[in-house]
Amino acid sequence: MSAIRIENLVKTYGAVRALDGLSLEVEPGSIFGFLGPNGAGKTTTIRILTGLAHPSGGHASVAGVQIGHNGALARRIGYLPEEPAFYGWMSAQEFLEYIGRLFGLGGAARRKRAEELLEKVGLWEVRKRRIRGFSRGMRQRLGIAQALVNQPEVLFLDEPASALDPAGRRDVLELIAGLRGQCTVFMSTHILADVERVCDTVGIIHKGRMLRVARQEDLTAAYALPVFRVEVTANGNRPLTEWAEKIGREAMVEQVQVDGNAVRIRVRDVENARGWLLQALAESGLAVERFEAVKPSLEEVFLNLVNEEVHR
Ligand SMILES: Nc1ncnc2c1ncn2[C@@H]1O[C@H](COP(=O)(O)OP(=O)(O)OP(=O)(O)O)[C@@H](O)[C@H]1O
């Protein structure tokens, strides 16, 4: 059974079609990156899946519960909104115990749960401090703890790291990566590097529709660049330049770029070029340290997909 199943979801705000027939399935246990530019419909999707907004059309279920059954849904999911709100006068521990009470946990159970979570999100040392003085990163970690109080099957995180500085972002992403296997994580973001760091599966949303859903490595493989990179040992620069000039004249090669003791070779036909290049390297006598097909970044894949869509 899918952790999340969305069929043909539509949401209109007056003349704006925020979701335009969105369909998607998310496998249980995955860390799913819901990626799209500003205004693509990410927050709208999450609000519908968490029961905070009603769709104008279509169906969806989360952890086996149809959306609309909000009581049953609330017990199975956790949610960190884009801008979480806290009671600033509470301490982190008081806040988590307060959330525990809302979920009906008794005194001892809610204290235990709060303590476990404070430990897990790295706020144990500051558990008695008022939230008012917390940094953005600390607030996001407390927000994730808050969303985990009821041990959800599916955790929704709306742009969890987007507003953080590099250190705060690293901590939050590490925390999310550590949830792998404990629950399904559905994380929206417009930052490709964040998806690359933690998500196993990526869904790209654009103008309220899914452009593509794939495992991250399959997505980058599908958009493989016709570029190889060769690195030679540091004390062999001279012959490398000569060799680069030589193969640059071959019909198979489009462009050659030497950078220190490495060379990037853009070819015309990836399949044939691979064997041919390996052969040419073997004959060159160069001390090859590394030979690899250059992988596109998720950013390149994303731009490609959006471009294809625009020109369709
Ligand atoms: N309450 C609303 N009233 C009118 N239009 C809305 C409302 N909420 C969202 N929209 C519109 O719906 C579209 C999708 O918005 P949404 O917030 O879901 O995008 P998003 O992908 O989450 O973007 P962001 O990264 O900026 O949060 C946008 O065009 C937005 O202006």
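Domain bounds here come from an automatic or database domain assignment. On that basis the chain is divided into domain 1 (4-221) and domain 2 (225-293). The model is predicted: local features need pLDDT of at least 70, side-chain atom pairs count only at pLDDT 80 or more, and totals for chains, interfaces and linings use all residues. Residues are numbered from 1 along each chain as its sequence is written.

**Domains and annotation**
- The centres of domain 1 and domain 2, taken over C-alpha atoms, are separated by 45 Å.
- An unreviewed UniProt entry places the feature "domain: ABC transporter" at residues 4-232; such annotations may be inferred rather than shown by experiment.
- Residues 4-232 are 34% helix and 30% strand, where helices (H or I, at least four residues) and strands (E, at least two) are DSSP runs numbered from the N terminus.
- The end C-alpha atoms of residues 4-232 are 48 Å apart.

**Ligand shell**
- The residues around the ligand (C-beta atom, placed from the backbone, within 6 Å of it) include Tyr-13, Asn-38, Lys-42, Thr-43, Thr-44 and His-190.
- Two or more shell residues come from each of β2 (16-26) and α1 (42-49).
- The largest share, three residues, is that of α1.
- By class, the shell holds four nonpolar, seven polar and one charged residue, with Ala, Val, Leu, Ile, Met, Phe, Trp, Tyr, Cys and Pro counted as nonpolar, Asp, Glu, Lys and Arg as charged, and the others, Gly among them, as polar.

**Helix α10**
- Helix α10 (residues 270-284) has 15 residues and should span 21 Å, the expected span being 1.5 Å times one less than the number of residues.
- The end C-alpha atoms of α10 are 20 Å apart, which agrees.
- Gly-285, just after α10, takes a positive phi of about 75 degrees.
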